[in-house]
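User: I've got a structure open and keep tripping over the labels people put on it. Can you walk me through the reasoning behind them?

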Amino acid sequence: MDATDSAALSPVAPAIDAGPARPAADHPYNRLCARLSKACLVLAVLGLGGIILSVQAQVIGRYVFNDTPTWTEALALQLVLYVTAFGVAVGVRDAGHIGLESLVTLLPDRWRLRVEVLIHALVGLFGGILVHSSWLWTRLKWGELDPMLGMPVGIDYLSLVIAGTLVVMFSIEHILALLRGEDIVPAWH
């Protein structure tokens with residue numbers, strides 16, 4: 001079986017040859033972003049474990065001891081916010097967000113680079129807006145206490161500040177790599 005046969009059998013065969021592979025970006029900023037992304041993955045997995053344990057504690061409390069702990073649901077919801085925030089950030093760095101790559105690949109190289117930079121700039125702008133607005137809410141709600149956890153309600157919005165900051169950082173990383181003609185290696189590789 002030759003290369004053309006395997007491409008025809010592949011469920012996701014590329015429609016257009018992407019050309020030669022670009023070298024992997026390996027600068028101090030890329031290494032910092034890779035470490036942050038990997039840390040986000042680890043924290044997201046730990047958060048998922050925490051969600052499972054929290055829900056288990058709620059189920060056991062309710063059906064075994066007939067006394068549901070009040071904090072379990074609030075903790076699970078809190079962890080969902082942070083797992084989602086970390087997942088969004090890693091998705092931006094690893095280019096796992098929604099994109100119209102098939103349209104971009106049809107463009108000439110000169111325009112493809114411009115459009116890719118524009119896309120990452122817009123994603124970074126979104127991250128910046130997210131940081132600004134969620135920081136306002138964090139400060140506004142910090143004085144209110146969550147009755148179930150006894151923690152400030154502003155902690156809910158702090159997850160969005162973290163996610164937005166990472167989205168901005170990872171978007172800048174992508175733009176720099178594009179301008180240098182390099183690729184970003186996903187953190188989980």
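User: What kind of crossing does helix 2 make as it passes helix 6?

Analyst: In this predicted model, helix 2 goes past helix 6 in a left-handed crossing. The label means that the near helix is turned anticlockwise from the far one by less than a right angle.

User: Why are helix 2 and helix 6 called oblique?

Analyst: Start with the angle: helix 2 (residues 28–63) and helix 6 (residues 154–180) pack at about 140 degrees, and their axes are 10 Å apart. Roughly antiparallel needs over 145 degrees, and roughly perpendicular runs from 65 to 115. The pair fits neither class, so helix 2 and helix 6 are oblique to each other.

User: Which residues meet there, between helix 2 and helix 6?

Analyst: From helix 2 you have Y29, N30, L32, C33, L36, S37 and C40. Helix 6 brings L166, M169, F170, I172, E173, L176 and R180. Sorted by class, this contact has 10 nonpolar, two polar and two charged residues.

User: What makes C33 and C40 buried?

Analyst: Buried means under 20% relative accessible area. C33 has 0%, so C33 counts as buried. C40, at 4%, is therefore buried too.

User: And how many disulfides are there?

Analyst: The count is zero. To be counted, a pair of cysteine sulfur atoms would have to lie within 2.5 Å.

User: How do you know what to call the orientation of helix 5 to helix 6?

Analyst: Same routine. The axes of helix 5 (residues 109–141) and helix 6 come within 7 Å and cross at roughly 160 degrees. With the cut-off at over 145 degrees, that makes helix 5 roughly antiparallel to helix 6. Helix 5 also passes helix 6 in a left-handed crossing. By class, the residues of the contact are 17 nonpolar, 11 polar and two charged.

User: Is H120 buried or exposed?

Analyst: H120, which sits in helix 5, has a relative accessible area of 11%. The limit is under 20%, so H120 is buried. The C-alpha atoms of H120 and I172 are separated by 7.5 Å, although these residues are 52 apart along the chain.

User: Zooming out, which elements does the protein have?

Analyst: Six helices and zero strands. Of the 189 residues, 30% are buried. Taking the contacts with a separation of 6 or more, 72% are between residues 24 or more positions apart.

Terms used: Residues numbered from 1 in each chain as written. Predicted model: local features only at pLDDT ≥ 70, side-chain atom pairs only at ≥ 80, totals over all residues. Heavy atoms only, no water. Axes fitted to C-alpha atoms, helices over the stretch in contact; angles between N-to-C directions. Helix = DSSP H or I, 4+ residues; strand = E, 2+ residues; numbered from the N terminus. Parallel < 35°, antiparallel > 145°, perpendicular 65-115°, else oblique. Contact = heavy atoms within 4.5 Å. Nonpolar A, V, L, I, M, F, W, Y, C, P; charged D, E, K, R; others polar. Buried < 20%, exposed > 50% of the residue type's maximum accessible area, 1.4 Å probe, protein only.
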